[in-house]
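Trainee: Please walk me through this model, and give each cut-off when its term comes up.

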Amino acid sequence: MKRLFLLLLLTTVVCMGLAGCKEKAAKPASDTGKIRPYSAKDFSYLLGTPGFSDNALKLHFALYEGYVKNTNLLLTKMEEMVRQGKSQSSEFSELKRRFGFEFNGMRLHEYYFSSLGGNGIPDKESDLYKAIVASFGSFENWQKDFVDTAMSRGVGWTVLYYDEIQNRLMNVWINEHHVGHPAGCRVILPLDVFEHAFLVDYGLDKKAYIEAFLKALNWKVLEERFRGQPFPERPAEVTEKSGQEA
Ligand SMILES: [Fe+2]
């Protein structure tokens, strides 16, 4: 009897706990009063990165900050329109269409900048390296496909994605900032191939810019992303023995 009582008590406590969690999860974010505007991350630690002039980086940081600003402006404007009962207007629809451009412009630059600052040498024993080999046949095959994708004519991004559902990596071309993202896949490595990313330092030599980008990658960050951590704390300093020859 005593055992039955304890079992009932335990079941009640667990159920109450689960109900509490459910209530917490179901509460709209807007009711929490904790929604803050997006703020620009500081990537000034990248100044001095080999292959990237400080001038080019500073201009690029300023462009990125523009996307953060416009993402916040769009969100504020759309919320205002909803409050004013204007959410069925053509202007509201246009703002909704524009949102993917500004938001992805912000977020992709954050992934891009935080991929840099390393020595470009991957760890052959890492899970990411092994997954690249499993998906592409070899690391060299992946890199060739990544570069060839990035050399496509047009402005946008080449992104190494991880499709967790199929357990495979793939290189995808993204038009501008927002067209062509594979749903539900995880960004591992984005390469900005808008002209602003390379004209300052390399003129029209996009290939030379891509090579400089690959040499400046911090593979420790990419490995963390593959493990599910999109923005690890400030990347560890890359030491002489942090990687192996690719
Ligand atoms: Fe850019």
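Mentor: Helices (H or I, at least four residues) and strands (E, at least two) are DSSP runs, numbered from the N terminus. Residues are numbered from 1 along each chain as its sequence is written. This is a predicted model, in which local features need a pLDDT (the predictor's confidence in each residue, from 0 to 100) of at least 70, side-chain atom pairs count only at pLDDT 80 or more, and totals for chains, interfaces and linings use all residues.

Trainee: Where is the place of Val 179?

Mentor: A residue is buried if 20 or more other C-beta atoms lie within 10 Å of its own, exposed if 12 or fewer, and partly exposed in between, with C-beta atoms placed from the backbone. Val 179 has 12 C-beta neighbours inside 10 Å and therefore counts as exposed. Although 22 residues separate Val 179 from Trp 157 along the chain, their C-alpha atoms are 9.8 Å apart. As for its place, Val 179 belongs to the loop between β2 and β3.

Trainee: Which pattern does the chain follow, read along the sequence?

Mentor: The chain contains 8 helices and 3 strands, and buried residues make up 26% of its 246 residues. Taken in sequence order, these elements give the pattern α-α-α-α-α-β-β-β-α-α-α.

Trainee: In what order do the 3 strands form the open sheet?

Mentor: Two strands pair if DSSP finds at least two bridges between them. Strand β1 (residues 156–163) is joined by 8 bridges to β2 (residues 168–175) and by 6 bridges to β3 (residues 186–192), and both pairings are antiparallel. The sheet is open, and its order is β2-β1-β3.

Trainee: Which are the edge strands, and what does the twist average from one strand to the next?

Mentor: The edge strands are β2 and β3, since each of them pairs on one side only. Taking axes as lines fitted to C-alpha atoms (for helices over the stretch in contact), with angles from 0 to 180 degrees between N-to-C directions, the twist from one strand to the next averages 20°.

Trainee: Which residue in β3 is the bridge partner of Thr 158?

Mentor: On the β2 side of β1, Trp 157 stands opposite Ile 174, and Val 159 has Val 172 as its bridge partner. β1 and β2 form a hairpin with 4 residues between them, where Asn 167 in the turn has a positive phi of about 55°. Turning to β3, the partner of Thr 158 there is Leu 191.

Trainee: Why is β1 largely enclosed by the rest of the structure, and how many residues does it give to the largest nonpolar core?

Mentor: Of the 8 residues of β1, 7 are buried, so the strand is largely enclosed by the rest of the structure. A nonpolar core is a set of buried Ala, Val, Leu, Ile, Met, Phe, Trp, Tyr and Cys residues joined through C-beta atoms within 7 Å. The largest such core has 34 residues, and those with the most contacts inside it include Val 159, Leu 160 and Tyr 161; among the elements that give two or more residues are α3 (90–114), α5 (139–150) and α7 (206–215). The largest share of this core comes from β1, with a count of 5 residues.

Trainee: Which residues is Tyr 161 in contact with, leaving aside its neighbours within four places in sequence?

Mentor: Two residues are in contact if their C-beta atoms, placed from the backbone, lie within 7 Å. Under that criterion, the partners of Tyr 161 beyond four places in sequence are Leu 169, Met 170, Val 172, Pro 182, Cys 185, Arg 186, Val 187 and Ile 188.

Trainee: What arc do the buried residues of α4 cover around the axis?

Mentor: The buried residues in α4 are Leu 128, Tyr 129, Ile 132 and Phe 136, and what covers them includes α5, β2 and α8. The face turned away from that buried side carries the exposed residues Asp 127 and Ala 134. With the arc taken from the directions between the helix axis and the C-beta atoms, the buried residues lie on the same side of α4 because they cover an arc of only 100°.

Trainee: What is the mean pLDDT of the chain, and over which residues does pLDDT stay under 50 with 17 contacts beyond four places in sequence?

Mentor: The mean pLDDT is 87, and 81% of the residues reach 70 or more. Over residues 4–29 the pLDDT is below 50, and this stretch has 2 contacts in the model beyond near neighbours in sequence. Where pLDDT is low, the predicted coordinates should not be read in detail. The stretch with 17 such contacts and pLDDT under 50 is residues 237–246.
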